[in-house]
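Please open the coordinates in your viewer and keep the sequence panel beside them, since this tour moves from one selection to the next. At each stop there is something to select and a short account of what to look for there.

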Amino acid sequence: MIGSLRGRLAGKLPPHVVVECGGVGYELETPMSTFFGLPDAGAEVFLHTHLVVREDAHVLFGFSTVEERALFRSLLKVSGVGAKIALGVLSAMSVRDFERCVRQEDVAMLTKIPGIGRKTAERLIIEMRDRLDRGTPALTVVGRTVGSDARAEAFDALIALGYKPNEVQRLLGKIEVSGKSAEDIIRLALRQAIA
């Protein structure tokens with residue numbers, strides 16, 4: 001799995017971008033929210049990625065934030081929602097706006113997105129609300145507030161270790177993270193967890 005790319009932005013043509021890393025050009029599809037935030041061609045970029053392997057193609061998707069990628073991955077798990085619709089959602093609204101739509105059961109707003117009819121919008125609301133209510137890691141990342149990159153890395157690492165998002169929030173809430181590396185934050189959180 002390719003988790004991220006850092007390299008030179010070799011080309012942009014909505015919604016596709018090409019990022020050159022070590023002499024290899026990776027073509028990615030991005031939501032418009034990511035695309036519009038990219039610098040001009042020739043500049044260095046960093047994108048979080050998700051690889052979709054299909055029978056006829058391997059498609060790499062790029063996102064400017066881990067929250068966008070987490071929402072994309074969660075949307076792909078909804079019955080009847082593919083990568084095209086997931087990109088459409090992220091292009092039409094922010095991660096916070098989508099979460100608000102789900103919580104307020106705003107079917108009308110979701111049906112304004114190309115490819116989403118009333119039934120798909122209702123399914124999105126039901127399935128994504130359940131994931132929000134259960135605190136699935138992929139969507140709890142959406143709701144977290146990140147004070148620093150080190151804190152964000154520590155949060156993701158603790159989730160990967162199997163801690164529940166609300167446990168991670170509680171553990172990190174007790175730690176002064178400013179000036180600490182992700183490794184230090186993880187170490188302190190683990191000490192608290194076993195204390």
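Select helix H2, residues 66–76, in what is a predicted model. Nine of its eleven residues are buried, so H2 is largely enclosed by the rest of the structure. The buried residues of this helix are Val66, Glu67, Glu68, Arg69, Ala70, Leu71, Phe72, Ser74 and Leu75, and it is worth showing their side chains before moving on. With the strands displayed as well, H2 can be seen to lie across S4 and S5, running at about 10° to S4.

Now add helix H3, residues 83–92, to the selection. Two packed helices are described by the angle between their axes and the distance between those axes. For H2 and H3 the angle is about 140° and the axes are 9 Å apart. An angle that is neither under 35 degrees, nor over 145, nor from 65 to 115 counts as oblique, and H2 and H3 are therefore oblique to each other. The crossing in which H2 passes H3 is right-handed. On the H2 side the contact is made by Glu68, Leu71, Phe72, Leu75 and Leu76, and on the H3 side by Ala83, Ala86, Leu87, Val89 and Leu90. Sorted by class, this contact of H2 with H3 has nine nonpolar residues, one charged residue and no polar ones. When you look at how such residues are spaced, recall that an α-helix has 3.6 residues a turn, so residues three or four places apart point the same way.

Stay with H3 and hide H2 for a moment. Is this helix enclosed by the rest of the structure, or open? Seven of the ten residues of H3 are buried, so the helix is largely enclosed. Those buried residues are Ala83, Ile85, Ala86, Leu87, Gly88, Val89 and Leu90. To see what covers them, bring back the surroundings, which include S3, helix H1 (32–35), S5, H2 and H4.

Next, select the strands S1, S2, S3, S5 and S4, which in that order form a closed barrel of five strands with mixed pairing. Neighbouring strands of this sheet are turned by 55° against each other on average, direction ignored. Begin with S1 (residues 4–13) and S2 (residues 16–21), which run antiparallel and are joined by five bridges. Within this pair, Leu9 stands opposite Val19 in S2. In the loop between S1 and S2 you will find Pro15, and the peptide bond that leads to it from Pro14 is cis, with omega near -5°.

Then move to strand S5, residues 58–63, of which five of the six residues are buried, so that the strand is largely enclosed by the rest of the structure. S5 pairs with strand S3 (residues 24–29) in the parallel sense over two bridges, and Leu28 stands opposite Leu60 in S5. With strand S4 (residues 44–53), by contrast, S5 runs antiparallel, joined by six bridges. Here Thr49 stands opposite Gly62 in S5, and a hairpin of four residues leads from S4 to S5.

Within S5, centre the view on Phe61. At 2% relative accessibility, against a limit of under 20% for the class, Phe61 counts as buried. Its C-alpha atom and that of Glu29, 32 residues apart along the chain, are separated by 4.7 Å. Which residues does Phe61 touch, not counting residues up to four places away in sequence? They are Leu28, Glu29, His48, Thr49, His50, Val52, Phe72, Ala83 and Leu87. Of these, Phe72 also belongs to the H2 side of the helix contact, and Ala83 and Leu87 to the H3 side.

Two loop residues complete the tour. Select Glu105, placed in the loop between helix H4 (95–103) and helix H5 (107–110). Glu105 has a positive phi of about 50° although it is not a glycine, and at 47% relative accessibility it counts as partly exposed. Finally, go to Lys164, in the loop between helix H8 (149–160) and helix H9 (165–173). At 51% relative accessibility, Lys164 counts as exposed. Its C-alpha atom and that of Ala182, 18 residues apart along the chain, are separated by 18 Å.

Terms used:
Residues numbered from 1 in each chain as written. Predicted model: local features only at pLDDT ≥ 70, side-chain atom pairs only at ≥ 80, totals over all residues. Heavy atoms only, no water. Buried < 20%, exposed > 50% of the residue type's maximum accessible area, 1.4 Å probe, protein only. Pairing = 2+ DSSP bridges. Axes fitted to C-alpha atoms, helices over the stretch in contact; angles between N-to-C directions. Contact = heavy atoms within 4.5 Å. Left-handed = near helix turned anticlockwise from the far one by under 90°. Nonpolar A, V, L, I, M, F, W, Y, C, P; charged D, E, K, R; others polar.
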